[in-house]
Amino acid sequence: MAKKSQKSAKPTKASFVRAIPTTVPAKEVVAKAKAAGMTLSEKHVYVIRSDAKKRSAKKKGGAAKGNAGTSTVAAKAVSSSGGSANETNFRKLVLALGIPKSRSLVSDVERRLNQLISGR
């Protein structure tokens, strides 16, 4: 396949979104895109930012910013532990939130269920 020798003067939607800081809300990005003559939805902005975050984490060889505390060993343990998809997702959430916060949330759910069962 031959590469294009000339670059387009108009940026792609993805490059446009990546050029804007992630601190700018998606709604504002959509408005800026409209002003630049692009049609873009908020959902598309979220998808582009998510992909960019995953790619940068992959390049760095580590977890994404939100999962900075998750070690590679722990992530491998989650994926190789077997079980259902729900169990795997639960384990990933525990790693993302941290064990103390996860225990607190599970305890809260247990307490609420017991209240419902006892009719309080």
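## Reading a six-helix model

Student: Let me start with Glu87: which class of exposure does a relative accessibility of 39% put this residue in?

Tutor: Glu87 counts as partly exposed, because 39% falls between the cut-offs of 20% for buried and 50% for exposed. Keep in mind that we're looking at a predicted model.

Student: Then how far can I trust the prediction, and what is the average pLDDT of the protein?

Tutor: Look at the average first, then at the spread over the elements. Here the mean pLDDT is 79, and 73% of the residues score at least 70. Element by element, helix H2 has the highest mean, 92, whereas helix H4 (residues 72-80) has the lowest, 55.

Student: What does the secondary structure come to, then?

Tutor: Count the elements, then read their order. The protein has six helices and zero strands, so from the N terminus on the elements run α-α-α-α-α-α, helices being DSSP runs numbered from that end.

Student: How much of the protein is buried?

Tutor: Of its 120 residues, 15% are buried. The accessible surface comes to about 9900 Å², and carbon and sulfur atoms own 58% of that area.

Student: Back to Glu87, then. Which side chain does Glu87 meet in a salt bridge?

Tutor: General idea to begin with: side chains of opposite charge can pair when their charged atoms come close. In this model the partner of Glu87 is Arg91, with 3.9 Å from N to O. Check that against the cut-off: a salt bridge needs the nitrogen within 4 Å of the carboxyl oxygen, so the 3.9 Å pair counts. Both residues sit in helix H5 (residues 85-97), four residues apart, or about one turn of the helix. Arg91 is partly exposed as well, at 33% relative accessibility.

Student: How many salt bridges does the structure hold?

Tutor: Three. Besides the Glu87–Arg91 pair, look at Asp108 in helix H6. Asp108 pairs with Arg111, whose closest N and O atoms are 2.4 Å from those of Asp108, and these two are separated by about one helical turn because they are three residues apart in the helix. Asp108 also forms a salt bridge with Arg112, at 3.4 Å between the closest N and O atoms. That second pair is four residues apart in H6, again about one turn. Since the bridges share partners, Asp108, Arg111 and Arg112 join into one network.

Student: Which exposure class do Asp108 and Arg111 fall in?

Tutor: Partly exposed for Asp108, at 25%, and partly exposed for Arg111 too, at 42%.

Student: What nonpolar residues make a patch on the surface?

Tutor: Here you look for nonpolar side chains that are accessible and sit together. Val109, Leu113, Leu116 and Ile117 make such a patch, of about 450 Å². Take Ile117 as your example: this residue lies in helix H6 (residues 99-118), and at 71% relative accessibility Ile117 counts as exposed.

Student: And the other side of the coin: which residues form the largest nonpolar core?

Tutor: For a core, look for buried nonpolar residues whose side chains are joined. The largest one has 11 residues: Phe16, Val17, Ile20, Val24, Ala26, Val29, Ala33, Met38, Leu40, Val45 and Ile48. Helices H1 (13-19), H2 (26-35) and H3 (42-60) each supply at least two of them, and H2 gives the most, with three.

Student: Which residues does Ala26 touch, beyond its sequence neighbours?

Tutor: Set aside everything within four places in sequence, and Ala26 is in contact with Glu42, Val45, Tyr46 and Arg49. Try the same with Val30, which is found in H2. With its neighbours within four places left out, Val30 is in contact with Leu40, Ser41, Glu42 and Val45. For a backbone view, the C-alpha atoms of Val30 and Lys43 are 9.8 Å apart, with their positions 13 residues apart along the chain.

Student: Where does Thr39 lie?

Tutor: In the loop between H2 and H3. With a relative accessibility of 63%, Thr39 counts as exposed. Its C-alpha atom is 8.6 Å from that of Lys13, a residue 26 positions away along the chain.

Student: What share of the contacts links residues 24 or more positions apart?

Tutor: Take the contacts with a separation of 6 or more: pairs 24 or more positions apart account for 36% of them.

Conventions: Residues numbered from 1 in each chain as written. Predicted model: local features only at pLDDT ≥ 70, side-chain atom pairs only at ≥ 80, totals over all residues. Heavy atoms only, no water. Patch = residues over 30% accessible without salt bridge, like charges linked within 9 Å, V, L, I, M, F, W, Y side chains within 5 Å. Areas by Shrake-Rupley, 256 points an atom, 1.4 Å probe, with all protein chains shown as cover. Buried < 20%, exposed > 50% of the residue type's maximum accessible area, 1.4 Å probe, protein only. Core = buried A, V, L, I, M, F, W, Y, C linked by side-chain atoms within 4.5 Å. Contact = heavy atoms within 4.5 Å. pLDDT = per-residue confidence, 0-100.
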